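The exercises below take one protein chain and work from single residues outward to the whole fold. Each task is followed by a solution that goes step by step.

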Amino acid sequence: MKRISKIALIPAAITAVLAGNAYAGTEACFEVYKGADALAVSAFDTIYEGASCGARTGASNTTLAAIDETSIAYELTGNLSIDFDAIDGVDTDQHIVYIPTTDIPGGTKLKVTLTGAMFDGNSNQIHLVKDADGSGANTNFEAVASSDGAVDGQSTITFLTKAGITIGAGTRLAFSRISTGADSTAIDPVGIKISNTDCTTDSTSKSVTIAAIEAITDGGNGYNIIGAVAKAQKIADISSQFYSFNGGTTAAVDVNAESSNSENQAIVARTEFVYDADATKRLVATKTQAIYKTAFYNRGATLDRKITLTANDHLETQFVADSEPGSTVKMGIYNSRQASDGTLADQVNVQTGTTFGSFGLTKAAAPVYNTEALDVFTPATSLDGESNPAAATSNLNGAAYNELYYAVTNTSTSGVMNFNYNVNTFYTLDFGTTAYIDHCEASKNTHDIGVNGAVLKVPYVVNADGNFVRITNEHDESAEITVDVFGESADGNDGTRKVTAVKLGTVAAKSSVVYFVPKLIEEAVSQKSYEGADGGYAESALGSNAASNERRHTLTFTVTAPRDLVHGVSVQRVLGGSDRVMPVLDKNEWNQ
């Protein structure tokens, strides 16, 4: 009696379904695939007989169509309408097919939801259509369910199955904007809108999914049909089209502080980098360039919806050095290289009309350059060819590939370079079309510029008799010594108030040399026209004992020997008292 009573409580429509259903499914399924214009629905007139979503080896009575969803550039999706009747914006179709594995009686409310998008461009009406004559010769179609209520602008919509019609388990139901047609090629796939806001990164990856979240009988007052509920299925894959500064190893290059180079040619110290005498080993350093190699990818060829770059699109770039590289040191960009000798060619302007870029000591002070994106992503072929190294499993496989070379460059053969600084290159891809999503700003440590020797800084010396600096070379080879000098000035950048690379000769192997301060200043004046202090700051500006003094100087010695084998001491004579002695060291591994 109890069992009979419970069955009696079940609505008549459900009782009929349970009595006549050939398949009692556990979930509904989606098939999603794309193809040429006027794409037919695969196996439209074939009933799927599975009770769950099985193998996806092709649409048939026992298997499902493989998922092949549209691919879209994330950069496009700020406010992008996608018509599945033209997913490429021209004529490629994509079908979304819903397959319940349990019969659905008339009057059932089926709720479908999107994540990552809203329905759009459907004139507020979507139908679920099936083949009208089952396994007949034709694939003319008719609607068995239609949307109920608002559609466009909604992420969740409700379908109401038609009264008196039971949708048989395994029926393939295509989403369509029209309810009837003579052939499945006439089905009009639906539309969605994607609205993302976050800036783009190389790792940006999003998707649009569709799910059938409930199927309630009796106009929404009955029972949820489990075999009509489908878990989320991706219908659009969204990822970055452009990759900037992909890969690359920081170019660690030394300034040559010696008076001869790797080819034993006489040079002015610090006008060249240290490079290999073997021309085939100059991929990172040449006489005048410290070279950072990196890659730029355009994945447009692998996407259905993509951006075509124009002259209005730019790679916005800033070059920040943490200390002054030197007045003749600039950043150059090159689009091709000859690996046999490191020669760079096809120079790219950092900005239209500007050949080389300048550095800033802070990001706020660094100039902003708008490099043409077309130049950056388009290979030049005057020297060695380039091939995409991405593995077949990488999403970069099949992308257009270009190598660029960012070169810290001494633009003058007589320009004296500084050293011991890093260069961080800040960049963002900035599109001229406001609807596109620009890339997030990022940065790379592109260059580390050192020196082939030790650097000893003496913060304070007085140009007076008896004051000296003693430098010791414990290396088993002699070393050259140069010194940079500046004093106390209102603006040390004015004229020659600071001078660099004053030549001081050599210090013998395992020996020491003493430089008296008056003689050092004489050499700075003689070789570099050192002007010294300019009167400095006013006494009242900083305190009663803060007046500048033209006798006080700061010295930086460069010694071309290993830093752990070089050290020094600064001695200041004090009349009537003890001499002031200060050790002078580089960043030695040992300490005292």
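**Exercise 1. Two backbone angles**

Where is the place of Ser 529, and between which helices? Then describe its phi and do likewise for Ala 501.

*Solution.* The model is a predicted one. Begin with the location: Ser 529 sits in the loop that runs between helix H5 (517-528) and helix H6 (539-542). Next take the backbone angle, which for Ser 529 is a positive phi of about 60°, although the residue is not a glycine. Most residues other than glycine have a negative phi. Ala 501, also a residue other than glycine, has a positive phi near 55°, but Ala 501 lies within strand S28 (residues 498-507). Finally compare their accessibility: Ser 529 has 46% relative accessibility and therefore counts as partly exposed, while Ala 501, with a relative accessible area of 5%, is buried.

**Exercise 2. The surroundings of Arg 282**

Determine whether Arg 282 is buried or exposed, and find which backbone oxygens its side chain reaches.

*Solution.* First place the residue: Arg 282 belongs to the loop between strand S16 (251-255) and strand S17 (289-298). Its relative accessible area is 14%, and because buried means under 20%, Arg 282 is buried. Now turn to the polar atoms of the side chain, which reaches the backbone oxygen of Asp 276 at 2.9 Å; the backbone oxygen of Ala 277 lies 3.2 Å from a polar atom of this Arg 282 side chain. To complete the picture, set aside the neighbours within four places in sequence; Arg 282 is then in contact with residues including Glu 263, Tyr 275, Ile 291, Asp 341 and Gly 342.

**Exercise 3. A three-stranded sheet**

In what order do the strands of the open sheet containing S3, S12 and S6 follow one another, and which are the edge strands?

*Solution.* The three strands are arranged in the order S3-S12-S6, with antiparallel pairing. Strand S3 (80-83) and strand S6 (118-119) are the edge strands, since each of them pairs on one side only. Looking at one pairing in detail, four bridges join S3 to strand S12 (residues 191-194), and Leu 80 has Ile 194 as its bridge partner in S12.

**Exercise 4. The nonpolar cores**

Which residues of the largest nonpolar core touch the most other members?

*Solution.* The largest core holds 84 residues, and those that touch the most other members are Tyr 98, Phe 159, Phe 175, Ile 192, Tyr 406 and Val 408. Follow Tyr 406 further: beyond its neighbours within four places in sequence, its contacts include Phe 245, Ile 291, Phe 296, Leu 315, Met 331 and His 447. Apart from the largest core lies another, of 27 residues, among them Ala 454, Ile 471, Leu 504 and Val 584.

**Exercise 5. The chain as a whole**

How does the radius of gyration of the protein chain compare with that of a compact globule of 592 residues?

*Solution.* A compact globule of 592 residues would have a value near 25 Å, whereas the protein chain has 37 Å. Set beside this the box filled by the C-alpha atoms along the principal axes, roughly 120 × 55 × 40 Å. The chain comprises six helices and 32 strands, and 48% of its residues count as buried. For contacts with a separation of 6 or more, 75% join residues 24 or more positions apart. The exposed area is about 25900 Å², of which carbon and sulfur atoms supply 49%.

Notes
Residues are numbered from 1 along each chain as its sequence is written. This is a predicted model: local features need pLDDT of at least 70, side-chain atom pairs count only at pLDDT 80 or more; totals for chains, interfaces and linings use all residues. Side-chain values use heavy atoms; hydrogens and water are left out. Buried means under 20% relative accessible area, exposed over 50%, partly exposed in between (1.4 Å probe, protein chains only). A polar contact is a pair of N or O atoms within 3.5 Å; within protein, one must be able to donate a hydrogen and the other to accept it, and residues adjacent in sequence count only if both atoms are side-chain atoms. Contact means heavy atoms within 4.5 Å. Two strands pair if DSSP finds at least two bridges between them. The radius of gyration is taken over C-alpha atoms; the globule rule is 2.2 Å times the number of residues to the power 0.38. Accessible areas come from the Shrake-Rupley method with a 1.4 Å probe; for residues, only the protein chains shown count as cover. A nonpolar core is a set of buried Ala, Val, Leu, Ile, Met, Phe, Trp, Tyr and Cys residues joined through side-chain atoms within 4.5 Å.
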